[in-house]
Amino acid sequence: MASPFEIFRRNQWLVVGLFGLSIFAFVFMDFLTPGRGGNELFPILLGVLLGGIAAWLISNTTGRAAVMWAAAGAVAGGMFVGLSGNFFGGNVAVPTNEGGLSQTDLNELGDRNRIANQFFASLRSTLAEREDAPEGLADTPLPNFNYTGVRPDPQLPFRQIPNVLGAQTPREYGLVFAHLLGEEADDAGMEVSNDRVNALINSHFGISPTRNEIRDIRTKMGVGETDLFDAIRGEMRHRDMYSLLLPSPTSLPTDAWELYRKLNQTANVAYVELPVEQFVAEAPEPTESQVSELFDEYRDQQPNPVTKLGFLRPAQLSLGYLKTEREAVAETVPEPTDAEVDAFYEANRNTEFRNPRYDAWLIDQQEQRTRDEVDSALDGMTPPAPSPG
């Protein structure tokens with residue numbers, strides 16, 4: 001009777017490989033388990049491992065066939081775990097009307113919120129260390145990107161007031177609330193431009209940071225420029241959408257009636273056209289004194305587009321120009337003779353045709369001769385005798 005362990009003996013190298021995979025899964029489980037490393041790969045890896053082992057044992061084969069069965073089982077196990085989690089809702093941490101949120105989604109929302117808050121906290125500390133920093137900058141409230149917990153009262157900085165969802169509400173509720181605001185912003189087509197993000201960074205604390213300061217903060221945080229802007233942009237979209245959905249103060253009945261009247265009240269208007277030409281013949285001609293008085297009254301005023309009164313002439317400029325064709329003029333100029341060219345060269349050889357490098361060479365030669373003469377004179381001089389000690 002064959003030993004039940006014969007299959008393991010015949011496939012020792014496959015057993016070693018599967019054992020290595022199991023050791024790898026258990027060693028890195030902390031990094032792959034949801035809630036620790038922020039990933040959900042461990043169930044899928046476990047499905048791959050168990051699927052490969054199960055398919056290999058069921059096949060009862062060796063060699064290349066065993067490898068093929070194990071690979072097929074690993075693929076089937078991974079796909080089963082990954083798809084079944086989504087199908088049965090196993091990956092949904094928080095169900096909402098806009099779709100379920102997995103733990104990975106919550107972690108991404110939390111990371112984006114953390115990046116935006118940490119950046120402005122670091123920016124406030126960096127700006128407060130400047131010599132020209134405004135007084136009290138270190139106590140300036142940060143942009144409110146949170147919906148749970150507490151925040152300082154702008155009127156009384158020493159007093160803490162609850163955020164939208166309350167002081168004791170878990171942070172995950174705030175992340176879900178921000179996600180729902182983002183879905184509303186998507187439906188409304190709301191966008192936040194890079195200019196608005198830059199404006200918030202440059203104006204929130206009343207003093208603009210330099211590019212080097214922003215780069216140093218990003219380097220310490222380990223965040224790229226695009227990720228930083230996307231994080232701030234997302235939080236600004238949530239805040240803008242919340243402001244739009246926030247109930248407005250109750251208005252008086254008269255205000256509601258006035259708004260209704262503006263939107264719904266209509267009127268029928270009738271007008272009659274009076275042709276002026278029919279009344280011109282009945283008007284008497286003005287006297288010279290009336291014309292003079294009218295001219296004196298409006299002589300210093302610009303013409304009115306409605307009454308046409310105003311006799312001040314705007315500043316005017318009379319401009320003339322002469323245009324010639326270069327080619328036509330060039331055809332009328334005769335070609336110079338060789339004698340004229342030689343005469344012009346001889347007359348201007350020291351000005352128009354002088355090589356500037358030659359002048360520089362002459363200056364260098366003159367300076368060198370001067371230095372040589374000075375050195376020769378110094379060599380011929382007798383040094384003075386030392387004075388008696």
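**Exercise 1. In which strand does Pro162 lie? Find its contacts too.**

Solution. Keep in mind that this is a predicted model.
- Start with the secondary structure: Pro162 sits in strand β4, which covers residues 160-162.
- Next, look across to Gly149, 13 residues away along the chain: the two C-alpha atoms are 5.9 Å apart.
- Now list the contacts, skipping neighbours within four places in sequence: Pro162 touches Gly149, Val150, Arg151 and Ala167.

**Exercise 2. Take stock of the chain as a whole.**

Solution.
- Count the elements: there are 16 helices and four strands.
- Check burial: 22% of the 389 residues count as buried.
- Then take the contacts between residues at least 6 apart in sequence: 57% of them link residues at least 24 apart.

**Exercise 3. Work out which residues and elements build the largest nonpolar core.**

Solution.
- Begin with the best-connected members: of the core's 23 residues, Phe119, Phe120, Leu123, Val197, Ile201, Phe205 and Ile232 touch the most other members.
- Assign elements: α6 (103-128), α8 (194-203), α9 (211-221) and α10 (225-245) each give two or more residues to this core.
- Pick the main contributor: α6 supplies the largest share, six residues.
- Zoom in on Val197: leaving out residues up to four places away in sequence, Val197 touches Val192, Phe229, Ile232, Arg233 and Met236.
- Don't miss the other core: a second, separate one has five residues, including Leu101, Leu106, Leu175 and Val176.

**Exercise 4. Describe α6 and the way it meets α10.**

Solution.
- Check the length: α6 has 26 residues and spans 37 Å from first C-alpha to last, close to the expected 38 Å.
- Pull out its buried residues: among them are Leu106, Leu109, Gly110, Asn113, Phe119, Phe120, Leu123 and Arg124.
- Get the geometry: the axes of α6 and α10 come within 8 Å and cross at roughly 100°.
- Name the arrangement: that angle makes α6 roughly perpendicular to α10.
- Identify the partners: α6 brings Arg112, Asn113, Ile115, Ala116, Phe119 and Phe120, while α10 brings Leu228, Asp230, Ala231, Ile232, Gly234, Glu235 and His238.
- Sort them by class: the contact of α6 with α10 has seven nonpolar, three polar and three charged residues.

**Exercise 5. Do the same for α8 and α10.**

Solution.
- Geometry again: α8 and α10 pack at about 90°, with axes 10 Å apart.
- So α8 is roughly perpendicular to α10.
- List the α8 side: Asn194, Arg196, Val197, Asn198, Leu200 and Ile201.
- List the α10 side: Phe229, Ile232, Arg233, Met236, Arg239 and Asp240.
- Sort by class: this contact of α8 with α10 has six nonpolar, two polar and four charged residues.
- Tie it back to the core: Val197 and Ile232, both in this contact, are among the core residues that touch the most other members.

**Exercise 6. Which residues of α7 are buried, and what follows the helix?**

Solution.
- Place the helix: α7 runs over residues 171-188, so to speak 18 residues' worth, and reaches 26 Å from first C-alpha to last, close to the 26 Å expected.
- Read off the buried set: Gly174, Leu175, Val176, Ala178, His179, Leu181, Gly182 and Ala185.
- Link to Exercise 3: Leu175 and Val176 also belong to the second core.
- Finish at the end of the helix: Gly189 follows α7 and has a positive phi, near 70°.

How values were computed
Residues numbered from 1 in each chain as written. Predicted model: local features only at pLDDT ≥ 70, side-chain atom pairs only at ≥ 80, totals over all residues. Heavy atoms only, no water. Core = buried A, V, L, I, M, F, W, Y, C linked by side-chain atoms within 4.5 Å. Buried < 20%, exposed > 50% of the residue type's maximum accessible area, 1.4 Å probe, protein only. Contact = heavy atoms within 4.5 Å. Axes fitted to C-alpha atoms, helices over the stretch in contact; angles between N-to-C directions. Parallel < 35°, antiparallel > 145°, perpendicular 65-115°, else oblique. Nonpolar A, V, L, I, M, F, W, Y, C, P; charged D, E, K, R; others polar. Expected span 1.5 Å × (residues − 1).
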